[in-house]
Each structure stands twice: as structure tokens, then as C-alpha cells.
Amino acid sequence: MIAGIKQKFDWLFSSHYKMERFGVTFGILTVCMLMVLTSIGIRKHNLEKESLGNVVMYSTAYTASLSGAQGKVVNIFCNDSHTECFVLLKYNDMTNVVTDASQYRVFLTGSNLKQNKTELLSSPSATIYMFGVSGYMGIYLVDTAGFPSQILDLVVRCNKLTGIMPENIPEYEDKSFNDYDQFRIYFNPGAADYERAEFLNMGRMTVHDVYDAMVVKFQEQELRDALTKSLDDMEAQLAVIDEYQQRLTAAGIVVPQAPMQIRGDRVIMTEEGRKVLSTDYLVQGGYNFDWYHGSVKQGYANIVLAGVENENSILNYIATQRNRASSERMNVEGLNWFRTDGTEFDLASNTIESEATKNIKANIDSLKAAWTQYFTLKKTYQTTQMESLLILEQNLFDTSVNYTVNANVATLW
């Protein structure tokens, strides 16, 4: 059979047809290479198409061309019908940032993955929000026909500078960046992996609702997570305290009562399955309100001030509480330690000690350190962390009052 093939294609096997064989081999390899490259190209196209359909945020940071003000793209919020989009930005430093929304405009066009201009497939209107001096800036885009899956090239322009024109301005490819203070971001409001915003779905566009949903909601959750962790940490530290108390009791030492600031404290589990601090002592400058069942939006300040006479300003009260907290101390050094037979255990003894005596001293030191660590956790929980919720509530109020809005600011090109 092989002989027959050789006879039929003698030119392919004969030594007289080396060039012909080379040409055939080269042609086959070329075809194979083209097939591989085509396959790679199709795969790359499909991956880019998949990425384009899913990825919302293509820019994570920005720098203004003239002022040099820097910031980050916090998130891209959309409604479920993809007819509304809210781009949330945050400046790192407000020193060189204009806070008046009327000084800003946006320029919008389409883009591909290589950041080259493409035809814009949507026709959105735009509104700019400047949330006071908080550093947050919002760009609200609306297209009633819906945003298709397309990368948008958004340029934000500020028409004035807060100071003199800086020296050594880079030579930008787009000359408008040399003439105006601008920055550019890329995003796809039609993509699948968007951040759902309830206020957009429900049509609630008051500044209070917007700022609460975009900023306060996430900051509040971080604070609530920190409070929950503190309860876990306090519970763990109380277990350490109990361990050293048991060691000392087993060694024949009468453990004195813990300092009054932490005496009798427990972390207990409620019927609804959450932990709470059970204590008879509120540290000086501390707060004792139900943070779990409340919220910043509903408000904690009125509850706190309801129990304070002649005070109607939460900021004044916070200042007073901080002064009180700074004077709170807990002393674990003035305690007397006795054996169960009534004799005093001398911590300052300089005599030669047995191994048992050394262990007792070490456990006493460890117990005092555990008491101190627990008190630090408790004080942070009742003062700093609880206060942070009140500060966040005040920030929400201030931003809801001190803001500027500029509508119909989009130029499409």
C-alpha cells in the first residue's frame, strides 16, 4: 500500500523534487498557522465581548489636568432597567477642588477597549452633584431608551481653578486638557455586573436618599461590623480573664474583685441570636443606645440627647463626652492578693521563689493584663465606635443641606 502511494506521488518522495516538497510543507504549515491565529482571534473577540458585557468600571482613579486634584471612582450604580446610572467619585483632598457644581460640565462619547473613540449608542442627560466638602462628587446619567453595553468615555471639566495656573503643565494629546481643568474616566453602564441602587429603582432622588444609599450605607456597615467584632473580642478577652482567675483559685489564691469599670461584665447571646454587652458600668464619656436596631438614616442623636438636660446640639455633646472619656482610667496595681489560708501573697518579695510561686506571680500579671486589655476594648466600644455612628449621622445631615446641583450639563460627541 505504501509502495502504491509512493508510486502515485513519486514527485513527493523522489530526491529530484526537494523544492516541490518544501513548497507543499510550507503551504501546509502556513494553513495550519492561519487556522491557529484565526482560532486565537475568535477566542480573543469572544473574551472581549464577554468582558464588555460584564465589566462596569474600567477606571478606578483620576487626576485633574491643571489642578492636579486626584480622586478615585468609588462605584457605578445603576437601576435594573439600565435607564439610570450614578457615577460616584471621591477626591482625595479638597484643597484644590471647586465645590460649586455650576462650574462643571461633562463630555460624553463612546469608546472601545483600546480607549479609541467610537460612535455613542446612547443619548443621556447628565446632572452633577457636589456633596459639600465631603470630597464626594456624583454624575447622574439618564437615558429613557436604556444604556446598551458600551464603554463610555466621560470627561469632567471644571471651568475655573481655585488658585493660579500651575507651572510645568504636561502637553496633553487632547489640547482641551491644557485649556481646562479636566479628567477622564471609562465605564459601561449597560454591563451586567453593576451595583444595584434602590434609590434609582424607586425614583427617590433627594440628596438625603442619594448620599445615604451611596456613601452612608457602606460606611455604616463598616461601623456595624466593627462594633460586632468588638463584642466578639470582648467575649474572647472575658474568657481569658476567667481562665487566669481559675488558675489562681486552683493555686490557692483568693482573686480580688475586678476594678469597678469592668466588674461583672458579660457578653451574652440574645434570643434573636446576636451578642450584647451586659454591664453595670458605662465608661465616662461613653454612649449606651441600641445601635443594632437603629440606623443612621433613622437617627441616633435624638435618642442620645433625650436623656441630656439643656443640650440640643449633638456636636457639643460629643465634645463634652470626649473630655470625659479622656479622664477615665482603670487601676489594677493597688489590689491586695491573699492565699486561702488568710496570709498575704507578697508580689514584691525578693526572696528565692519556688516554681509554684513564680507561676502564681505570672498568672497574676497575666490577669491584670487581661483586665486592662478588656477595659481598652470596652472603652473603645462605648466611646469611639458608638460616637462614630453619631458623627456619620451628622455628616449625612450636613451633606443633605450643604450641596450643589447642576443639571443638563452633558455634551455628547
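Let's start at the surface: D193 counts as exposed because its relative accessibility is 55%, where exposed means over 50% relative accessible area, buried under 20% and partly exposed in between, with a 1.4 Å probe and protein chains only. D193 sits in the loop between β9 and β10 (195-196); helices (H or I, at least four residues) and strands (E, at least two) are DSSP runs, numbered from the N terminus. Although D193 and C78 are 115 residues apart in sequence, their C-alpha atoms are 9.8 Å apart in space.

A word on the ground rules. This is a predicted model, in which local features need pLDDT of at least 70 and side-chain atom pairs count only at pLDDT 80 or more, while totals for chains, interfaces and linings use all residues. Residues are numbered from 1 along each chain as its sequence is written, and side-chain values use heavy atoms, with hydrogens and water left out.

For a contrast with D193, turn to Y62, which belongs to strand β1 (residues 61-63). Y62 is buried, because its relative accessible area is 4%. From Y62 to L89 the sequence separation is 27 residues, and the C-alpha to C-alpha distance is 9.3 Å.

Two helices deserve a walk along their length. Helix α6 (residues 207-250) has 44 residues, so at 1.5 Å a residue it should span 64 Å, and the 62 Å between its end C-alpha atoms agrees; the expected span is 1.5 Å times one less than the number of residues. Along the way, α6 bends by about 45 degrees at V216, the bend being the angle between axes fitted to the seven residues ending there and the seven starting there. After α6 comes G252, with a positive phi near 85 degrees. Helix α9, with 47 residues, reaches 68 Å from first C-alpha to last, close to the expected 69 Å. It has a kink of about 35 degrees, centred on Y381.

Both helices meet again in the largest nonpolar core, which has 59 residues. Such a core is a set of buried Ala, Val, Leu, Ile, Met, Phe, Trp, Tyr and Cys residues joined through side-chain atoms within 4.5 Å. Inside it, the residues with the most contacts are F86, F131, M214, F289, W291 and W371. Among the elements that supply at least two residues each are β3 (84-91), β7 (136-142), α6 and α9. The largest share, 14 residues, comes from α9.

What about empty space? A cavity is a set of points on a 1 Å grid over the protein atoms alone where a 1.4 Å probe fits but cannot get out, and lining residues have an atom within 4 Å of a point. The count comes to one cavity of 30 Å³ or more, and about 70 Å³ of space lies in the largest cavity; grid points are joined across faces, edges and corners, and the volume is the space filled by probe spheres set on the points. Of its 13 lining residues, the closest to the centre are A64, Y91, Y104, C158 and D181. β8 (151-158) gives the largest share of the lining, three residues.

Finally, look at two loops. Q115, between β4 (104-111) and β5 (117-118), has a positive phi near 65 degrees without being a glycine. N408, between β15 (404-407) and β16 (410-412), also is not a glycine and has a positive phi of about 55 degrees. At 64% relative accessibility, N408 counts as exposed.

Conventions
On a 1 Å grid over the protein atoms alone, a cavity is a set of points where a 1.4 Å probe fits but cannot get out, and a pocket is an open set with protein on both sides within 12 Å along at least five of seven lines; lining residues have an atom within 4 Å of a point.
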